[in-house]
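Trainee: Got a minute to go through the pockets with me? I'd like to start from the helices and work inwards.

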Amino acid sequence: MTVPTITLNNGVEIPQLGFGVYQVDPAETKDAVLTAFEVGYRHVDTAQMYGNEAGVGEALAASGLAREDVFITSKLNNGHHAREDALRSFDETLEKLGGEYVDLFLVHWPLPGIDIDYVDTWKTMEEIAASGKVRAIGVSNFQPAHLDRLLEATDTVPAVNQVEVHPYLTNEAVRSYSADKGIAIEAWSPIAQGQVLDDPTITEIARKVGRTPAQVTLRWAIQRGDIVFPKSVTRSRVEENFALFDFELDQADVDAIAALDKGHRTGPDPDTFNWIP
Ligand code: NAD
């Protein structure tokens, strides 16, 4: 099955479907990512915070895949916003992933309440980009007001904004604002960590199209143009979540799922989250 790609604002192509490794045990990460590669995934989403970048790097090395055939994202941890910490931790990320470059590196959270301004952190990200060791830089959990400040004060428009999006939090304001600025949306927790899978609207559409609720929910995100990377360490689910490109939802079903929005977050609110590990 061929996964479509999205072209980012600097011309770099990213597979629209990937494999997320949040909450994958570091000791299990190599095997989980190798399973995903076997199934056909060529895009992995990790983060310094997840503690499992080394496992992703080990899987990459063991897979026999050409580096250019795999797309790897990592994210700057919350305690690393100061310039020296960002530069040093990026080098550690590169070493753990084991390559000469990272495809996409993100500021994980804006942390608007800490004493290091995310605008300054973004300038350090631009330095990292200038080093040639990353193909694209972006942000995660940035609200329109946060993006506005970056766009005013710096030269690089983020390639992506990775934010929580699923049927119970369609996050339309952030999605449309980002799209207007040429910033691609990556939808994290695309099945709301499983919370939407018993929803009657979704189970009914799943029955109608002969697919699972997870497939319907992920397909919905794909048809809306978002990039997704569901997480599972169960092989059958990893396969299920990959089989999204041989069916389609009609517009009425896409709209019915979007109408389930109730502003429900499974994770923190970016405007008030200032946690540093
Ligand atoms: P998800 O929505 O992908 O749900 C994962 C959970 O759903 C798993 O624990 C699994 O038990 C279950 N599941 C997966 N496939 C299933 C299936 N087919 N049927 C039934 N249950 C299934 O949630 P997530 O892991 O939080 O998000 C996906 C990825 O997004 C993460 O791994 C990470 O890469 C990224 N993420 C980023 C941020 C951020 O702040 N940038 C935050 C959270 C997640």
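Mentor: Sure. Two helices to look at are α8 (213-223) and α9 (235-240), since each of them supplies at least two residues of the lining of the largest pocket. Keep in mind that this is a predicted model.

Trainee: What volume does the largest pocket have?

Mentor: The program puts the largest pocket at about 760 Å³. It counts 36 lining residues, and Y22, Q23, S189, Q193 and K231 are the closest to the centre.

Trainee: And how does that lining divide by class?

Mentor: You get 17 nonpolar, 15 polar and 4 charged residues.

Trainee: OK, ligand next. Where does it sit?

Mentor: In that largest pocket. There are 27 residues around the ligand, and D45, S140, S189, Q193 and N241 come nearest. S189 and Q193 are also on the list of residues closest to the pocket centre.

Trainee: What's the class make-up of the shell around the ligand?

Mentor: That shell has 12 nonpolar residues, 10 polar ones and 5 charged ones.

Trainee: Which atom of S189 pairs with the ligand, and at what distance?

Mentor: An N or O atom in the S189 side chain is 2.8 Å from an oxygen atom of the ligand. N141 also uses its side chain, with a polar atom 3.0 Å from a ligand oxygen. For A192 the partner is a polar backbone atom, 3.4 Å from an oxygen atom of the ligand.

Trainee: How much of the ligand does the protein bury?

Mentor: The ligand taken alone exposes 830 Å², and the protein buries 89% of that.

Trainee: Switching topic: how many cavities of 30 Å³ or more does the count give?

Mentor: The count comes to 1 cavity, and the largest cavity has a volume of about 50 Å³.

Trainee: Which residues line the largest cavity?

Mentor: N141, F142, Q143, V163, E164, N171, W188, R265, P268 and P270. By class that lining divides into 5 nonpolar, 3 polar and 2 charged residues. You've met N141 already, through its side-chain atom 3.0 Å from a ligand oxygen.

Note on methods. Residues numbered from 1 in each chain as written. Predicted model: local features only at pLDDT ≥ 70, side-chain atom pairs only at ≥ 80, totals over all residues. Heavy atoms only, no water. Near = heavy atom within 4 Å. Polar contact = N/O pair within 3.5 Å; in protein donor to acceptor, adjacent residues only side chain to side chain. Areas by Shrake-Rupley, 256 points an atom, 1.4 Å probe, with all protein chains shown as cover. 1 Å grid on protein atoms, 1.4 Å probe; cavity = no way out; pocket = protein on both sides within 12 Å on 5 of 7 lines; lining within 4 Å. Sits in = over half its atoms within 2 Å of the grid points. Nonpolar A, V, L, I, M, F, W, Y, C, P; charged D, E, K, R; others polar. Points joined across faces, edges and corners; volume = space filled by probe spheres on them. Helix = DSSP H or I, 4+ residues; strand = E, 2+ residues; numbered from the N terminus.
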